[in-house]
Amino acid sequence: MTNDYSQLTQYAATDTEALKKELSRRFEQMYGTASEPIVFFAAPARINIIGEHIDYNGGKVFPTAIDKYIYLAIRKRQDTGINYDDIRFPGRFSFNITDTFTYKKENDYCNCLNGIITIMKDRGCRFDTGFDALFFSCIPDGGGVSSSSALECCFTAAMSTLYNAGITPVENAKIGQETEHRFMNVQCGIMDQFIIATGRKDTAVLLDCATLEYEYIPLKLGDYRFIVMNTNKKRQLSDSKYNERVAECRTGLEQLNAALAARGESPAANPCSLTAAQFELLKSVSQEPVISRIHHCITENARVYAAADAMRSGDLKKLGQLMNESHQSLRDEYETTGIELDTLQEAAVKIDGCLGARVTGAGFGGCAIALIHKDIVDTFIRQVGETYKNKIGYAATFFECGTGNGAGELK
């Protein structure tokens, strides 16, 4: 199996039928021919326009699915064997559908796939046979646009179709989140999986992470475009301070609710829902950095509401201002940016034609986004790229993105 995937990347951007044909050829080269059909699935990456680190704190978020996808060619077997492989990162992993799966570091990305199978079994899904699977991704790996969640949602959609499980897009998202919690030791919120499973082209989703109520809002950018800026600093969320931030916010809520109980008052539901009076009480019973973490949650949640209103009214300048404020809060209060992301953001907003820029995703490396005029794309990439390389010592990468549809069968 060749590791050259440039032709597939071109097909992914321009010709779905050619992509499926080439995936079929490579699939049969790897696994041979069979009577069962090869079925194809896709799931998008995402950017979060605003609303960072508040999905697991009960807040609202405002993400959109983008037109960078992971693809899966999959075929049922006659026996109970399972085989996974990947075109970009070749190497076969073999299991059995009857196995009892637990996390093992050597199983790499297959841990979350086997976790999904386990969760589906727990929900009553029956797997009568195994399958052969071949992945191909156009999504930057570990880059902050949620490649792992795309993998999960793509695979769950495939399992649901192949084994007639009837999993809805919202249930797909819940399964992906549960997999992260149970098998990957990442106490993430549901935003990434939700937008990837439910996304619609030309819209963003205003999602209430406490209730899972959501609204599609048209994403009308006119002459402006989102540019993704990848720091190329690799990180694993389970190895970062992500879980530490989750714990800090949980601690703050517990401290506040203990103080409220002592007053005979009702508890606060989540960090994003605090009133001004409740936050003042928190400051009297807690300490830094917990107070700053909670303050970010409150202000970021307010920025999400304001950003959705700006998008409804077509006020892109206001949206850009809110993006800048979000980055500053994540830098100073939540402390999830770092020199790489800060360098990109600071360089971006200095360029005429850039309305705003911010980290997107968990931070600690990964990606930032900028909202820029379409006429300055090349200049923007060159100037921000030069500033970044001169300061950091290695290159960032950039790509313009449009919107995409959620996970499902590629027909």
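How many of the 16 residues of H4 are buried? Keep that in mind as you look through these close-ups of a predicted model, where local features need pLDDT of at least 70, side-chain atom pairs count only at pLDDT 80 or more, and totals for chains, interfaces and linings use all residues. Residues are numbered from 1 along each chain as its sequence is written, and side-chain values use heavy atoms, with hydrogens and water left out.

**View 1. Helix H4, residues 147-162.** Mostly covered is the way to put it: 14 of the 16 residues in H4 are buried (under 20% relative accessible area, 1.4 Å probe, protein chains only). From first C-alpha to last, H4 reaches 22 Å, close to the 22 Å expected at 1.5 Å a residue (that is, 1.5 Å times one less than the number of residues). After H4 comes Asn-164, with a positive phi near 50°.

**View 2. Gln-177 in helix H5, residues 169-183.** Gln-177 counts as buried because its relative accessibility is 19%. Setting aside neighbours within four places in sequence, Gln-177 is in contact (heavy atoms within 4.5 Å) with Cys-188, Gly-189, Ile-190 and Gln-193.

**View 3. Where H3, residues 110-122, packs on H5.** The axes of H3 and H5 (lines fitted to C-alpha atoms over the stretch in contact) sit 9 Å apart, at an angle of about 115° on a scale from 0 to 180 degrees between N-to-C directions. So H3 is roughly perpendicular to H5 (65 to 115 degrees). Residues making the contact include Ile-116 and Met-120 of H3, and Arg-182 and Phe-183 of H5.

Definitions and conventions. Helix = DSSP H or I, 4+ residues; strand = E, 2+ residues; numbered from the N terminus. Buried < 20%, exposed > 50% of the residue type's maximum accessible area, 1.4 Å probe, protein only. Parallel < 35°, antiparallel > 145°, perpendicular 65-115°, else oblique.
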